[in-house]
Each structure stands twice: as structure tokens, then as C-alpha cells.
Amino acid sequence: EAVVQQYEWQMSTVSSNSFGVAYIGATGTTTTLWTEAYLPYTIRAEVKTEYAETYKFKKWLLNGYDFANNTSPTLQLTSIEANAVYQAVFIPINYTLNVSSSNADHGSVDVTIRGVKQVTTTGLTVAGLSDVVLSATPVFGYALTGWYSGYSLLSSANPLSLTMPEEDTTIQGVFVELEKASLSVTKTNFSMGIVKLFHLSNVMD
């Protein structure tokens, strides 16, 4: 007579936070002994009511690792192959974004979030995966060399469109001084006319 192999499967919230809870079916339990005789099983994850405005479900982990199609808060498990722990991962909805200039005397930076230009560029509360645009305005004689996160160059584009990471983020616009060039203008016949040198809005005889 064939014997149905039994495995002990456990499911729980991620140990590093307590912002949500995981359930097996509608029983409200987070730990059970499963056998193939009672498949399929439905598992679901919910954010706790008190954190509904600040946290969201991100994904499931199986024995601490990602797996295919793991981003739905409700999963139906149709097979058992080994002992396993399912964990529901909950992450913040909003994160802090800080954007600054490497030197305010060399240039300024601006931040636009979801089409709205912000009045400040630091301490911004931004929902993860939001559309963000960074723009830089160098002063005369300087240029933006790139946007940096720590020592890592993100991009040299200006403006720069990006998706807000699901983590607190600090970005700096780095400005460098342009090389100076000299220009000599002479006139060889003073009786024939004058030479004017145009520099931006100034005219020098």
C-alpha cells in the first residue's frame, strides 16, 4: 500500500518586522502540519490595520529565497516537495529622498515628484517606485559632471528621470569648473573701424 509522504510546512511573517501577518486559508493560523491529502492550500498576507497607511506587502520568500510568481499576497500551493517556511515580506510605502549640490556656489538642484516641483530638495517623503526628475542649474563657468549616490555615478543626464527606489536615497549633483580659454583680438588699422568683443550680454570695445 502506498504511503502519502508527509512534510511539516510552516509559514510566518518575516522575523525582522511585525507590520503584517500571514495566514493559511481563513483559519488565522500561521503554523500547521500539511499533508498532500489536503492540498491545495491557500496562503495570504495582510498588512496590520495600524500600519495600513505606512506599509505594504512586497513578496513571499520560500526558505529565505525568492521564487517565481511570489508577488501576489494570495498564493495557492498545489504541491509539497520538502519542508519549507513561507515568509511574507512587508515594506514601507514611503521613503526619504535627499538631493543636494556638491557646492551651492557652483550650481543648484531641483526635484520634481510626479510632475510637481518641490520647494525643497532634502527630507522629501516619496512613495517607492514614484516618478522623480532631478535637474541641475550650473552657474557660469561650471557644469554638471553627474549625479552620484555615495561614490557611484548614477547618470550624467540633465535633467535625470528616475524611479524612486524602495529605500531611503541620497543623491548629489556634482559640479566642476570649466576650463578657461583665452581670446586675443587685435585691430591692425585704427582708421578703418573698431573691433567689438561680445561676451554674453556685455559688449567690450
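Okay, let's start with the four-strand sheet. Its order is β11-β10-β13-β16, the sheet is open, and the pairing is antiparallel. At the edges sit β11, residues 116-117, and β16, residues 160-163, and each of those pairs on one side only. Keep in mind as we go that this is a predicted model.

Inside that sheet, have a look at β10, residues 107-113, and β13, residues 131-138. They run antiparallel to each other, and seven bridges join them. If you want a landmark for that pairing, find S108 and look across to β13: the residue opposite is T137. And as a general reminder, strands of a sheet pair through backbone hydrogen bonds, in either a parallel or an antiparallel way.

Now the other sheet I'd like to show you. This one has five strands, in the order β12-β9-β17-β14-β15; it's open too, and the pairing is mixed. β12 and β15, the latter being residues 152-155, are the edge strands, each with pairing on one side only. From one strand to the next, the twist averages 40°.

So what does "mixed" look like up close? β9 is a good place to see it. With β12, residues 124-127, β9 pairs in the antiparallel sense over four bridges. With β17, residues 169-177, β9 pairs in the parallel sense, this time over five bridges. On the β12 side, Y95 stands opposite V126, and T96 is across from T125. On the β17 side, S100 has Q172 as its bridge partner.

While we're on β9, which of its residues sit on the covered face? Those are Y95, L97, V99 and S101. The uncovered face carries N94, T96, N98 and S100. So, going back to the bridges, Y95, the one opposite V126, belongs to the covered face, while T96, opposite T125, is on the uncovered one.

Let me zoom out for a second. The protein has 19 strands and zero helices. Of its 205 residues, 29% count as buried. The accessible surface comes to about 13,200 Å², and carbon and sulfur atoms make up 51% of that. As for contacts, if you take those with a separation of 6 or more, 62% are between residues 24 or more positions apart.

Okay, on to a residue I'd like you to click on: F57, in strand β6, residues 55-62. Is F57 buried or exposed? The relative accessibility is 15%, and since the cut-off for buried is under 20%, F57 counts as buried.

Who's around F57? Leaving out residues up to four places away in sequence, F57 touches A45, V47, N70, T71, S72, P73, A88, V89 and F90. Take A45 from that list: twelve residues away along the chain, with its C-alpha atom 7.2 Å from that of F57.

F90 is the neighbour to look at next. A search of the whole structure turns up three aromatic pairs. In one of them, F57 and F90 meet edge-to-face, at 6.1 Å centre to centre and with 75° between the planes. F57 is in β6 and F90 is in β8, residues 84-92, so this pair ties together parts that lie 33 residues apart in sequence. Both of these phenylalanines are buried. Add W60, and you have one aromatic cluster: F57, W60 and F90.

Last topic, charges. How many salt bridges does the structure hold? Five. Let me walk you through some of them.

K56 forms one with E166, where the closest N and O atoms are 3.2 Å apart. K56 is in β6 and E166 is in the loop between β16 and β17, so here the parts tied together are 110 residues apart in sequence. K56 is partly exposed, at 26% relative accessibility, and E166 is partly exposed as well, at 24%. There's also a network of salt bridges here, linking K56, K58 and E166.

Then there's E46 with R44, whose side chains meet at 2.3 Å, N to O. E46 counts as partly exposed at 36%, and R44 is partly exposed at 22%.

And finally D66 with K59: the closest N and O atoms in that salt bridge are 3.0 Å apart. K59 has a relative accessible area of 22%, so it's partly exposed.

Note on methods
Residues are numbered from 1 along each chain as its sequence is written. This is a predicted model: local features need pLDDT of at least 70, side-chain atom pairs count only at pLDDT 80 or more; totals for chains, interfaces and linings use all residues. Side-chain values use heavy atoms; hydrogens and water are left out. Buried means under 20% relative accessible area, exposed over 50%, partly exposed in between (1.4 Å probe, protein chains only). Helices (H or I, at least four residues) and strands (E, at least two) are DSSP runs, numbered from the N terminus. Two strands pair if DSSP finds at least two bridges between them. Contact means heavy atoms within 4.5 Å. Rings of Phe, Tyr and Trp (its six-membered ring) pair if their centres lie within 6.5 Å; planes under 30 degrees apart count as stacked, over 60 as edge-to-face and the rest as tilted. Axes are lines fitted to C-alpha atoms, for helices over the stretch in contact, and angles run from 0 to 180 degrees between N-to-C directions. Accessible areas come from the Shrake-Rupley method with a 1.4 Å probe; for residues, only the protein chains shown count as cover. A salt bridge is a side-chain nitrogen of Lys or Arg within 4 Å of a carboxyl oxygen of Asp or Glu.
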